[in-house]
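These are my notebook entries on what I looked up in one structure. I wrote them down in the order in which I went through it.

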There are 2 protein chains.
Amino acid sequence: MTGKKSPNGPRSDQEGTPEARRGPMREFSRSLPMSLLRAREAVMRQFRPSLRNHGLTEQQWRILRALTAVDTIEVTELARVAFLLGPSLSRILRDLEARDLIERRAAKTDLRRGEVSISSKGLKLIEAVAPTSEAIYAEITQRYGARKLAELQDMLGELERSLAAMEVAGEGDAEADE
Amino acid sequence: MTGKKSPNGPRSDQEGTPEARRGPMREFSRSLPMSLLRAREAVMRQFRPSLRNHGLTEQQWRILRALTAVDTIEVTELARVAFLLGPSLSRILRDLEARDLIERRAAKTDLRRGEVSISSKGLKLIEAVAPTSEAIYAEITQRYGARKLAELQDMLGELERSLAAMEVAGEGDAEADE
DNA sequence: GAAATTTGTTTAACATGTTAAGTTATCCGG
DNA sequence: CCGGATAACTTAACATGTTAAACAAATTTC
């Protein structure tokens, strides 16, 4: 991990298999998805140890955190707010309920819907973790710069909006029905 | 998905459990990790269907993509380039090898190291997927703006660098040994 | 109002993320 | 040489991501 290895591998023949090369195809590590992935990982790396010490995963934290902002919330809404897919949320809620960190009951008007809320035990846990999380977030803000951080989030938001309208074309190579 | 639901859930009593409230604690959905997660998801949502049509996951694609840039590469280096953890890479390589998309052999000088390279079948697959991927990337660039995209990536890179030096403090609540 | 359809949530199945524990091969000091 | 570090992977175990299918309650149709 000393970072001395050749950054792009030892290549002598720059063409390799003739048919493949259609340009270096964008340096790859500089692609947008990779940039976003690395940036997010750099951020989360700061938080994970603290969460772990409290027996929480990132997603469990997101759920409890979202629950502190409301009295009760329906599962689907919670999935949207915590940005989790239904199946993941379903599993995590089952575990959190078993740990008595949340409470759950069916809605009176619609028995399909589940209403979730944080328990007092869950609240205590949040209170125990929050200070450290806030401190880490504060240091990140300070290091990167509050101004720049706000700007970055604006740009990320606009990226989202730019792609929201973009239709996902599947090209349909292996499937053509539906 | 029409976006009509109440954006913050139906809350009547604004205080709920008294001990919880210590400030809204940063709107949460506007936290940096969430912003990065949503942005990346918005981007990957564009690519996944195409990859899926070719029987590839995002990570498998990253690996094959990285392999086209080199003649051969060691597993550890590949993990660094494709930004995957060792265990994930180990599993994926096993599968890709079983599908004859890559080739693998032990290094002569050090039998621990594995040298990986893409197979001709793997190259053909890459060639089949690349055009669509490039087209999608081009449209993203056009929609968001090439100038702005470059700026965003610069800012993401600087965020990485800002946090690289930051020591990960674990606070040691539940563990104090080591 | 019963059948068909839709909606909210959960299960299933497979792939990856994440940390810890193995395995085998090198390296190193005596 | 030999036994104790190290290093490079690989396995194991558990949690989540992702898509498809199952289920039950609610809504719509006829």
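I began with Ile73(A), and I found that this residue stands opposite Val116(A) in S3(A). The model I am reading is predicted, and I keep that in mind for every entry below.

Next I asked which residue stands opposite Glu115(A) in S3(A). It is Glu74(A), and when I looked up the strands themselves, I noted that strand S1 (residues 73-74) of chain A and S3(A) pair in the antiparallel sense over two bridges.

I then turned to strand S2 (residues 102-106) of chain A, which runs antiparallel to S3(A) and is joined to S3(A) by five bridges. Here I wrote down that Arg104(A) stands opposite Val116(A) in S3(A), and Val116(A) is also the residue that Ile73(A) stands opposite.

Putting the strands together, I recorded an open sheet of three strands in chain A, with the order S1-S3-S2 and antiparallel pairing. Its edge strands are S1 and S2 of chain A, each of which pairs on one side only.

Looking at what lies against this sheet, I saw that H2(A) lies across S1, S2 and S3 of chain A and runs at about 90° to S3(A). H4(A) packs on the sheet as well, touching S2 and S3 of chain A, and its direction makes about 115° with that of S2(A).

Is strand S3 (residues 114-118) of chain A mostly covered or mostly open? I found it mostly covered, since four of its five residues are buried.

My next entry concerns a backbone angle. Phi of Asp100(A) is near 60°, which is a positive value in a residue other than glycine, and Asp100(A) has its place in the loop between H4 and S2 of chain A. Asp100(A) is partly exposed because its relative accessible area is 48%.

I looked up Asp100(B) too, and this residue has a positive phi of about 60° although it is not a glycine. Asp100(B) is found in the loop between H4 and strand S2 (102-106) of chain B, and it counts as partly exposed because its relative accessibility is 48%.

Staying in chain B, I went to Val81(B), which lies in helix H3 of chain B. At 22% relative accessibility, Val81(B) counts as partly exposed, because buried would mean under 20%. Leaving aside its neighbours within four places in sequence, I listed its contacts as Phe28(A), Met34(A), Ala66(B) and Ile73(B). The C-alpha atoms of Val81(B) and Leu67(B) are separated by 9.6 Å, and these residues are 14 apart along the chain.

My last entries are about the DNA. Which residues come nearest to DNA strand D? Of the 25 residues around the strand, they are Ser88(A), Arg91(A), Thr76(B), Arg113(B) and Gly114(B). By class, I noted seven nonpolar, eight polar and 10 charged residues on the surface near DNA strand D, and the largest share of that surface, four residues, comes from H4(A).

I also looked at the DNA side, where 68% of the atoms of DNA strand D within 4 Å of the protein belong to sugar or phosphate, and the rest to bases. A backbone N or O atom of Gly114(B) lies 2.5 Å from a phosphate oxygen of DNA strand D, and for a backbone N or O atom of Leu111(A) I noted 3.0 Å to a phosphate oxygen of that strand. With Arg48(B), a polar side-chain atom lies 2.9 Å from a phosphate oxygen of DNA strand D.

Terms used. Residues are numbered from 1 along each chain as its sequence is written. Chains are lettered from A and ligands numbered from 1 in the order in which they are written. This is a predicted model: local features need pLDDT of at least 70, side-chain atom pairs count only at pLDDT 80 or more; totals for chains, interfaces and linings use all residues. Side-chain values use heavy atoms; hydrogens and water are left out. A residue is near a molecule or strand if one of its heavy atoms lies within 4 Å of it. A polar contact is a pair of N or O atoms within 3.5 Å; within protein, one must be able to donate a hydrogen and the other to accept it, and residues adjacent in sequence count only if both atoms are side-chain atoms. Ala, Val, Leu, Ile, Met, Phe, Trp, Tyr, Cys and Pro count as nonpolar, Asp, Glu, Lys and Arg as charged, and the others, Gly among them, as polar. Buried means under 20% relative accessible area, exposed over 50%, partly exposed in between (1.4 Å probe, protein chains only). Contact means heavy atoms within 4.5 Å. Two strands pair if DSSP finds at least two bridges between them. Axes are lines fitted to C-alpha atoms, for helices over the stretch in contact, and angles run from 0 to 180 degrees between N-to-C directions.
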